[in-house]
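Reader: Hi! I have a new model open and would like to walk through it with you. Can we begin with something small?

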Protein chains: 2
Amino acid sequence: MVKRYLSVMPLDDALSLLSREFPCIPSIVQVPLERAVGRITNGPIFARYSVPEIHLAAMDGIAVRSMDTKGASEQHPITLPKAARVNTGNVVPAEYDAVIMIEDVWEADGNYSIRKAAAPWQHVRPAGEDLAESEMVMPSAHRIRAHEIGALATYGITHPEVIAVRVGLVPTGSELVLAGTRPAPGQVVESNTVMAKAMLDEAGATCTRYPFVEDKPEEIRNAIAMACKENDIVIVSAGSSAGTKDYTADVIAELGEVLVHGVAIKPGKPVIIGRIDKKPVIGLPGYPLSALTVIREIVLPFLQNYGLFVTERERIRAQITTAVAKDIGSDEFVLCTIGKVGNRWVISPQSKGAGVQMSGVRANAYIQVPRASEGFDAGEEVDVRLMVPASEAANALLITGSHDPVIDYLADLIRPQGITLLSTHAGSMGGILALKKDDCHAAPTHLLAEDGSYNTAYLEKYLKGTDLDLVCIAERQQGIVSRDGLAFKDLAGHQFINRQRGSGTRMLLDYELKRAGIDPATISGYEREVTTHIAVALAVKSGEADAGMCVYSAAKALSLQFVPVAQERYELAFRKEHADDPRLSALITAIRSPAFKNILARLGGYETAETGRLRPGRKE
Amino acid sequence: MVKRYLSVMPLDDALSLLSREFPCIPSIVQVPLERAVGRITNGPIFARYSVPEIHLAAMDGIAVRSMDTKGASEQHPITLPKAARVNTGNVVPAEYDAVIMIEDVWEADGNYSIRKAAAPWQHVRPAGEDLAESEMVMPSAHRIRAHEIGALATYGITHPEVIAVRVGLVPTGSELVLAGTRPAPGQVVESNTVMAKAMLDEAGATCTRYPFVEDKPEEIRNAIAMACKENDIVIVSAGSSAGTKDYTADVIAELGEVLVHGVAIKPGKPVIIGRIDKKPVIGLPGYPLSALTVIREIVLPFLQNYGLFVTERERIRAQITTAVAKDIGSDEFVLCTIGKVGNRWVISPQSKGAGVQMSGVRANAYIQVPRASEGFDAGEEVDVRLMVPASEAANALLITGSHDPVIDYLADLIRPQGITLLSTHAGSMGGILALKKDDCHAAPTHLLAEDGSYNTAYLEKYLKGTDLDLVCIAERQQGIVSRDGLAFKDLAGHQFINRQRGSGTRMLLDYELKRAGIDPATISGYEREVTTHIAVALAVKSGEADAGMCVYSAAKALSLQFVPVAQERYELAFRKEHADDPRLSALITAIRSPAFKNILARLGGYETAETGRLRPGRKE
């Protein structure tokens with residue numbers, strides 16, 4: 001019942017094997033100029049004819065015989081016996097050998113007179129000046145640039161011969177539905193070949209996505225066999241693991257051979273490298289970030305062997321904010337957010353979950369933790385590969401702390417200014433610690449002290465002596481979310497869903513429980529923790545729990561009931577030294593903007609100074 | 001008859017005027033995911049539903065009730081009363097709250113037993129783990145990356161709303177023919193809007209090329225009016241200058257207003273900026289490199305005002321090899337070739353001819369000589385903007401000296417190794433001077449000394465004390481090219497076309513004339529100089545001259561007669577210190593390769609050591 005991987009091969013060995021086992025000869029196609037930008041020439045390209053083919057006027061003026069102009073001067077103008085009006089680009093008639101600019105010509109009664117002699121061939125664009133028939137325009141293996149498209153047109157080339165790597169993408173899985181269809185429970189939108197096509201097309205490959213194939217060996221066999229006929233490389237999405245319905249490896253072995261099953265990378269280990277009819281067949285793991293990693297670290301480098309250019313983003317060094325632990329033996333790739341705090345590049349790892357595609361959307365960089373390493377300590381300097389241009393990464397605004405949906409709206413407000421707000425969800429205490437280490441530009445926090453005050457007590461305690469500022473993002477309502485209007489006093493006897501320890505919401509709950517004299521042990525589900533407001537609301541919506549504590553906007557987003565418990569100050573703390581940072585200024589301006597107040601009003605459950613109801617303490 | 005420019009405005013002022021006079025509001029379109037990479041979101045994008053919507057197994061194994069597993073150990077295995085086999089991604093049925101990996105399960109008679117307790121919710125992917133319904137996937141003004149296409153599909157977004165800038169391209173000119181048609185004398189392949197479309201599409205615009213419009217004001221008027229209706233920006237190609245058929249400015253003035261006619265840039269001065277129905281209408285000059293400059297320096301920066309991202313290549317500092325002179329008052333843009341000689345970035349200006357599109361193909365960088373500057377001296381350090389990735393520029397092989405068509409073939413042979421051979425045509429003496437200044441990797445040269453020897457005497461004289469090496473590229477035949485088989489002795493009485501002073505071919509001619517006792521003054525056309533072998537052959541082919549001196553391959557390429565005069569050593573000189581440079585080694589390997597010998601044999605007129613006929617001196 002349980003299938004094991006045939007072998008787990010180190011990444012470098014897998015890449016060498018691919019280079020060694022396959023000749024990597026691309027296909028050759030002719031493409032129209034409109035689609036030639038970025039393509040790689042297959043052979044040298046020659047001019048079909050000379051440009052220009054005949055002498056042309058290089059100026060607006062008159063074509064003359066230079067010998068007729070000898071001796072002309074201010075004192076002795078010459079009226080020319082023969083001359084012809086020409087505009088730039090007109091043919092210089094055969095009897096003439098020079099052009100005089102129109103500004104230097106006097107016309108009267110259809111005759112031209114001049115006051116300066118013309119040198120032979122002046123202002124004449126000689127035949128072949130640009131390029132002559134038979135000359136080479138560009139060599140083989142040249143990536144055609146946008147501005148060269150005009151030159152190719154000029155030299156008579158309308159369908160340059162370029163290399164093509166045809167990649168067939170075969171999505172397998174009975175659970176798959178097409179993008180645009182809302183998946184029923186247990187169904188999944190097929191996104192891996194959608195992503196693979198976008199990434200490989202961008203690298204210059206020519207991808208074909210085949211129809212979905214159900215988890216039936218004979219259907220998978222037919223699909224792979226057909227894809228092998230029609231392509232240079234075949235990629236089979238999913239079915240590469242060791243589940244009961246993972247047939248990909250068996251089918252490849254039947255049709256050809258499996259060279260590798262399992263590469264020591266994380267995510268992405270259950271990758272298959274096989275060969276059918278001398279062609280490489282790659283089995284992609286099913287988790288989206290595993291698939292992403294295999295495409296980026298194995299397929300893209302492999303495509304270069306065929307002659308495609310894969311543009312790599314810049315690599316830089318940065319200080320890592322939190323430790324990354326791993327076992328020895330695998331290369332591990334971690335998606336991260338990176339930015340510049342002061343003059344220091346600072347990088348934070350994102351969730352490692354291979355199913356969390358949002359990590360790929362949020363990330364602007366990634367790190368590779370090498371096979372022999374046990375990971376990185378917080379504060380270590382590490383090698384980083386950027387996923388955006390360096391100039392864009394340098395404009396990132398790093399926010400670490402308690403996440404609220406309004407942070408996304410603030411990101412949206414400042415994005416058009418070229419600032420990317422990157423939020424690391426670390427909870428309020430996590431934000432305060434990041435602030436202490438100067439690892440972020442600002443920390444959103446809502447920490448309730450014993451005396452009922454917000455944030456200041458904690459900042460005093462953990463950041464004593466650091467010059468700080470606090471800007472109130474909003475006062476917001478926390479309350480009980482439920483399907484049927486449960487209140488705080490109704491919690492006992494119902495299934496609860498909790499927030500994680502260290503989060504402001506958890507601290508608020510514990511504070512309120514203590515005030516009300518309720519023992520947490522009496523609340524069923526108190527130990528079940530999730531990490532966001534919306535996750536609490538989702539658990540309630542799905543019926544997994546009856547109640548939880550979250551902000552009003554999360555309850556409203558999922559159309560659930562909400563009974564307020566307390567109003568808290570959700571504030572942005574930052575070091576005064578960064579107050580003039582243009583990115584932070586932009587954020588503060590956005591917090592104070594009417595546009596943001598409108599958003600708060602629309603979302604509901606928030607109060608601001610402008611509403612006249614913002615008070616220093618907390619609301620009972 | 002002569003129209004003058006209304007005004008000539010500095011570049012910076014023209015750019016400010018564009019920002020000031022136009023609101024730059026983009027259009028909004030929905031694009032399918034297949035075409036969404038690189039597009040800019042118009043507004044925030046939200047998840048249509050939660051992912052996953054229900055708890056899923058995160059591992060292949062069995063779903064269990066965690067309370068049933070309490071107390072299980074190696075000593076006390078527990079056989080579970082209830083459990084369900086699940087693969088990764090399957091729904092965890094509502095009655096279960098944990099998954100145990102299949103590797104930790106023992107199955108017998110359809111029952112599962114375990115030896116370790118399961119923690120609640122272990123290996124369960126909770127609903128909304130990736131993203132919850134209503135959460136923001138990406139903000140406004142976000143450039144969609146290839147790997148994000150899969151995430152968008154997963155979150156139910158199949159047609160993201162993105163910004164579009166619709167640019168209408170109107171080619172005008174009665175002389176235009178479509179790419180693919182061989183232009184008759186005086187006709188021109190329309191390449192400016194072809195190039196503009198490629199460049200602007202790459203920057204994210206949505207271009208429409210309109211049919212050719214003849215040089216008739218009423219037709220131009222109709223075409224521009226229609227393009228204005230259908231686009232956000234209109235670009236009219238050519239007719240922007242001051243020739244008798246340049247109607248563009250008049251038509252724009254009739255339909256709206258001309259804001260600028262003439263911007264102080266070179267090339268590109270006769271640009272028009274106008275406004276019709278509140279929309280910008282830009283008149284592009286006709287010369288291809290003028291058009292290129294206007295698109296790159298005016299249109300692309302302007303597109304950024306609409307919210308498009310225009311990726312700029314890196315800027316670096318480099319030492320310029322030759323002086324660039326210019327008049328004060330214009331920003332001048334010069335296409336260049338750049339590479340690294342040793343650890344030094346070295347840059348050489350290319351031809352300034354605005355009609356020489358090949359300069360754009362050959363260039364991998366350009367410089368901007370500022371308005372207030374009179375130019376640069378040779379050896380000055382200048383600001384450079386790259387036209388290729390910096391890594392590619394760093395791999396350029398710089399060759400300066402006498403150009404022969406075989407250099408292009410050598411470039412073709414080494415290009416697949418990632419090496420870009422960039423040849424600056426400076427003549428043999430120019431190459432020797434570049435070698436002296438260490439401004440190139442190698443110099444192809446064929447300089448005949450009084451004693452009949454090649455190259456060594458000149459290197460001795462000009463590079464005394466420098467450790468040099470010489471590799472013979474080929475011995476090649478120089479001879480008289482003609483339409484009807486003229487020989488050297490027939491020159492008198494026929495129209496001649498000469499090569500420029502300082503070129504090896506000119507020196508060879510002068511040497512032979514002297515030996516034969518012929519006075520150059522008796523040769524008609526001796527003073528008419530062109531700079532390449534192929535230009536000599538072209539002048540003969542077109543009938544402009546009856547004879548000239550060039551290499552055999554140039555005569556053969558244009559199917560002309562060739563009568564040999566001498567055989568000369570065409571050699572590659574380089575400093576020994578660069579001999580181990582991998583780029584130079586690759587070139588030398590290519591020179592010695594059988595592939596290159598085959599090319600020489602095919603072209604004809606070359607001899608090599610391998611043919612057994614290479615001798616140290618010259619052939620009589």
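Author: Sure, let's start with a hairpin: β8(A) and β9(A) form one, with two residues between them. In its turn, D109(A) has a positive phi of about 50°. Strands here are DSSP runs of E with at least two residues, helices are runs of H or I with at least four residues, and both are numbered from the N terminus.

Reader: And where do these numbers and letters come from?

Author: This is a predicted model, in which local features need pLDDT of at least 70 and side-chain atom pairs count only at pLDDT 80 or more, while totals for chains, interfaces and linings use all residues. Residues are numbered from 1 along each chain as its sequence is written, and chains are lettered from A and ligands numbered from 1 in the order in which they are written.

Reader: Back to the hairpin. How many bridges pair β8(A) with β9(A)?

Author: Four bridges, in the antiparallel sense, between β8 (residues 105-108) and β9 (residues 111-114) of chain A. Two strands count as paired if DSSP finds at least two bridges between them. A108(A) is the residue opposite N111(A) of β9(A).

Reader: What about the sheet with β4 in chain A, what is its strand order?

Author: The order is β6-β4-β7, an open sheet of three strands with antiparallel pairing. β6 (84-86) and β7 (98-101) of chain A are at the edges with a single partner strand each, so one side of each has no neighbour in the sheet. The twist from one strand to the next averages 35°. For angles, axes are lines fitted to C-alpha atoms, for helices over the stretch in contact, and the values run from 0 to 180 degrees between N-to-C directions.

Reader: How is β4 joined to β7(A)?

Author: By four bridges, with β4 (residues 61-64) of chain A and β7(A) running antiparallel. One pair to look for is V64(A) with its bridge partner A98(A) in β7(A).

Reader: Which strands make up the sheet of six in chain A?

Author: In order, β16-β13-β17-β21-β20-β18, an open sheet with mixed pairing. Its edges are β16 (206-209) and β18 (257-261) of chain A, each with a single partner strand, so one side of each is left without a neighbour in the sheet. On average, neighbouring strands are turned by 20° against each other, direction ignored. At one end of that order, β18(A) runs antiparallel to β20 (residues 272-276) of chain A, joined by four bridges, and H261(A) has I272(A) as its bridge partner in β20(A).

Reader: Which strands does α3(A) lie across?

Author: β13 (166-171), β16, β17 (233-237) and β21 (279-284) of chain A, and α3(A) runs at about 170° to β13(A).

Reader: Nice. Now helices: at what angle do α4 and α5 of chain A cross?

Author: At roughly 55°, with the axes of α4 (residues 217-230) and α5 (residues 248-255) of chain A coming within 10 Å. α4(A) and α5(A) are therefore oblique to each other; angles under 35 degrees count as roughly parallel, over 145 as roughly antiparallel, 65 to 115 as roughly perpendicular and the rest as oblique.

Reader: Which residues meet there?

Author: From α4(A), P217(A), I220(A), R221(A), I224(A) and A225(A) meet T248(A), D250(A), V251(A), E254(A) and L255(A) of α5(A). That contact has six nonpolar, one polar and three charged residues. Here Ala, Val, Leu, Ile, Met, Phe, Trp, Tyr, Cys and Pro count as nonpolar, Asp, Glu, Lys and Arg as charged, and the others, Gly among them, as polar.

Reader: Over in chain B, what meets between α9(B) and α16(B)?

Author: P405(B), V406(B), Y409(B), L410(B) and L413(B) of α9(B) meet A595(B), F596(B), I599(B), L600(B) and L603(B) of α16(B). The residues there are ten nonpolar, no polar and no charged. The axes of α9 (residues 405-414) and α16 (residues 594-603) of chain B come within 11 Å and cross at roughly 150°.

Reader: Last topic: how many residues does each chain give to the contact between A and B?

Author: Chain A gives 96 residues and chain B gives 96 residues, where contact means that C-beta atoms, placed from the backbone, lie within 7 Å. The side of chain A that touches chain B has 48 nonpolar, 29 polar and 19 charged residues.

Technical notes. Contact = placed C-beta atoms within 7 Å.
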